[in-house]
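Please look over the model shown below before reading on. The paragraphs that follow lead through it step by step, beginning with a question.

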Amino acid sequence: MKKQRLEEPARTKLFWIPIYNILFYTVKEILLDVWDLASTVGNKFFRLLWVVVFPFLLVIYPATCLVLLLVIIVLLFVTLVNYIFGGISYVVDSLYLKIHGIGLVCPACNNKYQLPTYICPSCNAQHKNLRPGKYGIAKRTCKCGAKLPTTFFNGRQHLDAICPNPACRYAFKSKILPARPICIPIIGGVSSGKTSLINAGIDGLNKYCQIPGNKMEFEYCSHEDEQRHKRNLEILKTRNTDKTHKQQFDSYKFYFSPQGAKVKNRVYVYDVAGEVYDAKKQNIVEKTQVFDFTNSLLFVLDPLSIDDFYDDCVQAKVPNLERYKRSDRSMNDVVTNMINSLGVFESLTPERCKKVFVAIVITKGDLPLIKDQIGDEYVAELAKQNRTTWNRAKNIACEQFLDKYQAMNFLNIIRDKFEKYQFFTTSSWSGEQNKYVAENAEDPFLWLIDMESPEIDLKTKWNSNK
């Protein structure tokens, strides 16, 4: 089937019209004019001036051929130069997008695109492929006459844009800055603390950037994103967040990049209702495009969903244990169902899973039995004893914790499917103090962003002994 050409609402540049059309038209017109002239002269003066006309024809035809040859050479040269510069501009723009991983994820339909559909500021015409080409190299001329930039280097990102998906057409409320999309789906059971972790983590990232020595920048993608997060924080500071009721992705968007970075990191954090991973409701699991391109996953584990650990907390008479919302399903069941649910997404092949970065967060880290076994002080001492890094010691401590409480099934599943994983312990809501806290909530997000962003290098942080 012949591929249909994508026509744009723009004027085609002269020298991007196929050269054979120009040459054919030029040759045809010149030869016809010469033939008409020769025929006219020959008919009127054939008998009387043949002696004069014949030498004239001998001169005019070679001269015409010479002029025609010069025209062809000039056209070929100009067209070749135009194609070379156009090709170089297209390749440079494409390489810039590819090398820096620049792309765009629509928050409405969750599809990823390299470029959105740009809107002409004068006539609102939709330009689906605003790149160097036959409509212009540095700029193209819209059919209304407006000049539009065709690369990031001369301001393409400052144009208004919409989602390229015909069924979506989401209008982006902020300018599309050249950014690398980092998508982090949050996976966890009911009441595991996902929503609290997300909001506390984003708050922690914002505060992390305010420390002068870190030299990082935090920015919300839009005013709506900022107001929404602030409302959630106010709720979180007065009570634990309500569970997510939607059976779809609820996205949080922000920029997190080194200061002065030309290409920013646009981070998408996706909150999913825990019911999606309930074995009794497998029929509500819907395929989403996020898993087609994500390179990061964040598992949220509720330690109270481990029966043996919960029994120990009861026996230890942990204060205000009832204030901690406990998942009503065992952790092994939740994790098994989560993995089975992820099997719906065909893009998460075994080969691709090996390249995915996985952060495993054990929440409710302010529980006394959590602090004693996998808390910061215990991990710091373990790192010194084993002469290893903090992250490695954290993994050792968490693996021992899971082994002690008969929860190795989860770890075996993770090891079987993923190679690059890291444990974290966080706390965003203290059941004991009945208030909002933010202990290490930003660390799992910081680690995942660091793994995906070439501009960020936090090896000193992760390889330290704290």
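Are phenylalanine 218 and phenylalanine 254 buried or exposed? In this model, which is a predicted one, phenylalanine 218 is buried, and phenylalanine 254 is buried as well. These two residues form an aromatic pair of the stacked kind, with 5.2 Å from centre to centre and 25 degrees between the planes. The pair links distant parts of the chain, since phenylalanine 218 belongs to strand E9 (residues 216–220) while phenylalanine 254 belongs to strand E10 (residues 249–258), 36 residues apart. Tyr220 joins them, and Phe218, Tyr220 and Phe254 together form one aromatic cluster. Across the whole structure, a search finds 13 aromatic pairs.

From this detail one can step back to the whole protein. The protein has twelve helices and 16 strands, and of its 466 residues 51% are buried. Among the contacts with a separation of 6 or more, 73% are between residues that lie 24 or more positions apart. The protein exposes about 23800 Å², and carbon and sulfur atoms supply 56% of that area.

The helices come next. Two packed helices are described by the angle between their axes and by the distance between those axes. Helix H2 (residues 194–209) packs with helix H11 (residues 443–452) at an angle of about 70 degrees, and their axes are 8 Å apart. Because angles from 65 to 115 degrees count as roughly perpendicular, H2 and H11 are described as roughly perpendicular to each other. On the side of H2 the contact is made by Leu197, Ile198, Gly201, Leu205 and Tyr208, and on the side of H11 by Phe445, Leu446 and Ile449. Sorted by class, this contact of H2 with H11 has seven nonpolar residues, one polar residue and no charged residues.

How many of the ten residues of H11 are buried? Nine of the ten are buried, so H11 is largely enclosed by the rest of the structure. The buried residues of H11 are Asp443, Pro444, Phe445, Leu446, Trp447, Leu448, Ile449, Asp450 and Glu452, and Phe445, Leu446 and Ile449 also take part in the contact with H2.

A second pair of helices can be described in the same terms. The axes of helix H9 (residues 390–404) and helix H10 (residues 408–417) come within 8 Å and cross at roughly 130 degrees, which makes H9 oblique to H10. Glu399, Leu402 and Asp403 make the contact from H9, and Met408, Phe410, Leu411 and Arg415 make it from H10. By class, the contact of H9 with H10 has four nonpolar and three charged residues, and no polar ones.

Some of these residues return in the surroundings of phenylalanine 423, which has its place in strand E14 (residues 420–425). Phenylalanine 423 has a relative accessibility of 1% and so counts as buried, the cut-off for buried being under 20%. Which residues is phenylalanine 423 in contact with, leaving aside its neighbours within four places in sequence? They are Ile360, Ile362, Lys394, Asn395, Cys398, Glu399, Leu402, Phe410 and Leu411. Glu399 and Leu402 of H9, like Phe410 and Leu411 of H10, are also part of the contact between those helices. Phenylalanine 423 and leucine 298 are 125 residues apart in sequence, and their C-alpha atoms are 10.0 Å apart in space.

The loops complete the tour. Glycine 136 is found in the loop between strand E4 (126–127) and strand E5 (139–141), and with a relative accessible area of 2% glycine 136 is buried. Not counting residues up to four places away in sequence, glycine 136 touches Lys13, Arg131 and Thr150. The C-alpha atoms of glycine 136 and leucine 148, which are twelve residues apart along the chain, are separated by 9.2 Å.

Two further loop residues deserve a look for their backbone angles. Asparagine 124, in the loop between strand E3 (117–119) and E4, has a positive phi of about 65 degrees although it is not a glycine. At 57% relative accessibility, asparagine 124 counts as exposed. Lysine 317 lies in the loop between helix H4 (307–315) and helix H5 (331–342), and its phi is near 55 degrees, a positive value in a residue other than glycine. With a relative accessible area of 70%, lysine 317 is exposed.

Note on methods: Residues are numbered from 1 along each chain as its sequence is written. This is a predicted model: local features need pLDDT of at least 70, side-chain atom pairs count only at pLDDT 80 or more; totals for chains, interfaces and linings use all residues. Side-chain values use heavy atoms; hydrogens and water are left out. Axes are lines fitted to C-alpha atoms, for helices over the stretch in contact, and angles run from 0 to 180 degrees between N-to-C directions. Helices (H or I, at least four residues) and strands (E, at least two) are DSSP runs, numbered from the N terminus. Angles under 35 degrees count as roughly parallel, over 145 as roughly antiparallel, 65 to 115 as roughly perpendicular and the rest as oblique. Contact means heavy atoms within 4.5 Å. Ala, Val, Leu, Ile, Met, Phe, Trp, Tyr, Cys and Pro count as nonpolar, Asp, Glu, Lys and Arg as charged, and the others, Gly among them, as polar. Buried means under 20% relative accessible area, exposed over 50%, partly exposed in between (1.4 Å probe, protein chains only). Accessible areas come from the Shrake-Rupley method with a 1.4 Å probe; for residues, only the protein chains shown count as cover. Rings of Phe, Tyr and Trp (its six-membered ring) pair if their centres lie within 6.5 Å; planes under 30 degrees apart count as stacked, over 60 as edge-to-face and the rest as tilted.
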